[in-house]
Amino acid sequence: QFIQISSLGNSQDFGDLTLARSSASTTGNRTRGINAGGYTPTYFDTIDYMNPTEKGNCADFGNLSNSRYGALSASNDTIAVFMGGDSPGDDNRMDSVTIATTGNSTDFGNTTADIYQGANNINSTTRGVGVGGYTAPSGVNTIQYMTFSSLGDAIDFGDLTESRFDAGGVSSAVRGVSAGGKTPSASNV
């Protein structure tokens, strides 16, 4: 579904994914939105894409290196990176795709820990930041980053004020914000 940001009103139908699933990782740029992985009771490695300026269904993009859900995602105008996930065990791999093309993901490196369900889309044109998440049996306060221009492992950035997972994420080119989530109870931080 979509909303017109410039006006008040209800959401409207946009289209459908290639298959129904929850906890897919989403990211993209101005010309392409990407959904990767997910779960229904089956784990998926599917990557879909759509054009955010045209309503319609998603199309097949390629596949992740393994089936998983809840990977943290970040992108700049060129590259999308999917960090960690549950496959069904906690995972530390990072996959990347070039947003303008289609095809299977390639290995980017590893996260600092096995992690999933952290805040997504905290990024600038140079860095993608993974914030919080879940490592069995609890949420974590880890903040880590990777640099889009070079393949390699994530690096420790610092810590959240409290351990949490399923938080929302948003950023500008200068500042990233992680809001809410579970601790395991609901958090308003």
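Q: Let's start with A154: is it buried or exposed?
A: A relative accessible area under 20% counts as buried. This is a predicted model, and in it A154 comes out buried, at 11%.

Q: Where does A154 lie along the chain?
A: Look for the strands on either side of it. A154 belongs to the loop between β12 (138-147) and β13 (155-164).

Q: Which residues does A154 touch, leaving out those up to four places away in sequence?
A: Here you read contacts as heavy atoms within 4.5 Å. The list for A154 is M94, N110, T111, T112, Q144 and Y145. For a sense of distance, take A71 as a second marker: A154 and A71 are 83 residues apart in sequence, and their C-alpha atoms are 14 Å apart in space.

Q: G37 sits in a loop too; which one?
A: That is the loop between β2 (33-36) and β3 (46-50). G37 is buried, with a relative accessible area of 0%.

Q: What does G37 touch, again not counting residues up to four places away in sequence?
A: G37 makes contact with R21, A24, F44, T46, L64 and R68. If you want a long span for scale, try G37 to D156: they are 119 residues apart along the chain, with 25 Å between their C-alpha atoms.

Q: Stepping back, how many helices and strands are there in the chain?
A: Count the secondary-structure runs. The chain has 15 strands and zero helices.

Q: How does the radius of gyration of the chain fit a compact globule?
A: The idea is to compare the chain with what a globule of its length would give. For 189 residues, a compact globule would have a radius of gyration near 16 Å, and the chain agrees because its value is 16 Å. The C-alpha trace spans about 40 × 40 × 35 Å along its principal axes.

Q: What share of the residues is buried, and what does the surface look like in numbers?
A: Buried residues are 43% of the 189 in the chain. The chain exposes about 9500 Å², and carbon and sulfur atoms supply 49% of that area.

Q: What do the contacts say about sequence separation?
A: Take the contacts with a separation of 6 or more, then ask which of them join residues 24 or more positions apart. In the chain, that share is 45%.

Q: And how far apart are the mean positions of the positive and negative charges?
A: You average the places of each kind of charge and take the distance between the two means. With 10 positive and 18 negative charges, the means are 7 Å apart.

Q: How many aromatic pairs are there?
A: Ring centres within 6.5 Å make a pair, and the count is nine. One of them is Y39 with Y43, an edge-to-face pair at 5.0 Å centre to centre, with 65° between the planes. Y39 is partly exposed at 28% relative accessible area, and Y43 is partly exposed as well, at 24%.

Q: What is the geometry of the pair formed by Y69 and Y116?
A: Y69 and Y116 are edge-to-face, 5.7 Å centre to centre and 75° between the planes. Y69 lies in the loop between β4 (59-63) and β5 (72-75), while Y116 lies in the loop between β8 (106-110) and β9 (119-123), so the pair ties together parts 47 residues apart in sequence. Y69 is buried at 15% relative accessible area, and Y116 is buried at 7%.

Q: Which residues do ring pairs link into a cluster?
A: Follow the pairs from ring to ring. The cluster holds Y39, Y43, Y69, Y116, Y134 and F165.

Q: What should I look for in the backbone?
A: Most peptide bonds are trans, and most residues other than glycine have a negative phi. Exceptions deserve a look. The bond from S87 to P88 is cis, with omega near 0°, and P88 lies in the loop between β6 (79-86) and β7 (90-98). The bond from A136 to P137 is cis too, with omega near 15°, and P137 lies in the loop between β11 (134-135) and β12.

Q: Where do S23 and N121 lie, and what are their phi values?
A: S23 has a positive phi, near 55°, and is found in the segment before β1 (25-28). N121 has a positive phi near 60° and lies in strand β9. S23 is partly exposed at 35% relative accessible area, and N121 is partly exposed at 25%.

Key: Residues are numbered from 1 along each chain as its sequence is written. This is a predicted model: local features need pLDDT of at least 70, side-chain atom pairs count only at pLDDT 80 or more; totals for chains, interfaces and linings use all residues. Side-chain values use heavy atoms; hydrogens and water are left out. Helices (H or I, at least four residues) and strands (E, at least two) are DSSP runs, numbered from the N terminus. The radius of gyration is taken over C-alpha atoms; the globule rule is 2.2 Å times the number of residues to the power 0.38. Buried means under 20% relative accessible area, exposed over 50%, partly exposed in between (1.4 Å probe, protein chains only). Accessible areas come from the Shrake-Rupley method with a 1.4 Å probe; for residues, only the protein chains shown count as cover. Lys and Arg count as positive and Asp and Glu as negative; His and the chain ends are not counted. The place of a charge is taken as NZ of Lys, CZ of Arg, CG of Asp or CD of Glu. Rings of Phe, Tyr and Trp (its six-membered ring) pair if their centres lie within 6.5 Å; planes under 30 degrees apart count as stacked, over 60 as edge-to-face and the rest as tilted.
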